[in-house]
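Colleague: I would like a close look at one part of this model. Please take the aromatic residues and the core around them, and then set them in the chain as a whole.

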Amino acid sequence: MFTEPIEVTRAANGIPLRVTWQGKDYRLVAEPERWFERRKWWEENMRIPRGLGAGVADYEMWRLQLVSSEGRGEPFSVDVSFDAQSTRWRLVRLHEQHARSA
């Protein structure tokens, strides 16, 4: 597991469509999966106003199955996070099958 910046282009409904990572473009080849993970706000010494937990206390996470935009190579999966406060995307997990071939 690691974290690095990644660019994600979303559709109007918020669903990821395309990714640019390390200067290369990728497209999705499967329906993305979405969930939320709690950030360790208590370790960040951050006070969260009552009623503002969504997007502040939680990160939006997506599992994306990608393939090179040229269609070369095998599809691979990544987990990315979206921070609503900073509007930044981070790559947090590259799944095993791609990590071995990289």
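Modeller: What follows starts with the whole chain, moves to the core and the rings, and ends with some single residues.

This is a predicted model. The protein chain holds one helix and eight strands. Read from the N terminus, the order is β-β-β-β-β-β-β-β-α. The chain has 102 residues, and 35% of them count as buried. Its accessible surface comes to about 7000 Å². Carbon and sulfur atoms account for 47% of that surface. Now the contacts between residues at least 6 apart in sequence: 46% of them join residues at least 24 apart.

Next, the core. In soluble globular proteins, nonpolar side chains tend to be buried together. The largest nonpolar core here has 16 residues. Which of them touch the most other members? They are Ile 6, Val 19, Trp 21, Leu 64, Leu 66, Val 78 and Val 80. At least two residues of this core come from each of strand 3, strand 4, strand 6 (58-68), strand 7 and strand 8. Strand 7 gives the largest share, four residues.

Val 19 shows the packing in detail. Leave out residues up to four places away in sequence. Val 19 then touches Ile 6, Glu 7 and Val 8, among others. Its list also includes Lys 24, Asp 25 and Tyr 26. Leu 64 and Leu 66 are touched by Val 19 as well.

Now the rings. A pair of aromatic rings is described by the distance of the centres and the angle of the planes. The count comes to four aromatic pairs. One of them joins Trp 21 and Phe 76, with 6.4 Å centre to centre and 45 degrees between the planes. That pair is tilted. Trp 21 lies in strand 3 and Phe 76 in strand 7, so the pair ties together parts that are 55 residues apart in sequence. Trp 21 has a relative accessible area of 6%, so this residue is buried. Phe 76 is buried too, at 3% relative accessibility.

Phe 82 and Trp 89 are a tilted pair, because their planes stand at 45 degrees; their ring centres are 4.9 Å apart. Both Phe 82 and Trp 89 are buried. Phe 82 has a charged partner too: the charged end of Arg 10 sits over its ring, 4.6 Å from the centre. Back to Trp 21: together with Tyr 26 and Phe 76, this residue forms one aromatic cluster.

Another tryptophan appears in a polar contact. The side chain of Trp 35 makes this contact with the side chain of Glu 37, at 3.0 Å. Glu 37 sits in strand 5 (residues 33-38). Its relative accessible area is 32%, so Glu 37 is partly exposed. Tyr 59 is 22 residues from Glu 37 along the chain, yet their C-alpha atoms are separated by 5.3 Å.

Last, two backbone details. Most residues other than glycine have a negative phi. Gln 22 has a positive value, near 50 degrees. Gln 22 is in the loop between strand 3 (16-21) and strand 4 (24-28). With 58% relative accessibility, Gln 22 is exposed. Thr 87 also has a positive phi, near 60 degrees. Its loop runs between strand 7 (76-83) and strand 8 (88-94). Thr 87 is exposed, at 55% relative accessibility.

Definitions and conventions:
Residues numbered from 1 in each chain as written. Predicted model: local features only at pLDDT ≥ 70, side-chain atom pairs only at ≥ 80, totals over all residues. Heavy atoms only, no water. Buried < 20%, exposed > 50% of the residue type's maximum accessible area, 1.4 Å probe, protein only. Contact = heavy atoms within 4.5 Å. Areas by Shrake-Rupley, 256 points an atom, 1.4 Å probe, with all protein chains shown as cover. Core = buried A, V, L, I, M, F, W, Y, C linked by side-chain atoms within 4.5 Å. Polar contact = N/O pair within 3.5 Å; in protein donor to acceptor, adjacent residues only side chain to side chain. Phe/Tyr/Trp six-rings, centres within 6.5 Å; stacked < 30°, edge-to-face > 60°. Lys NZ or Arg CZ within 6 Å of the ring centre and 35° of its normal.
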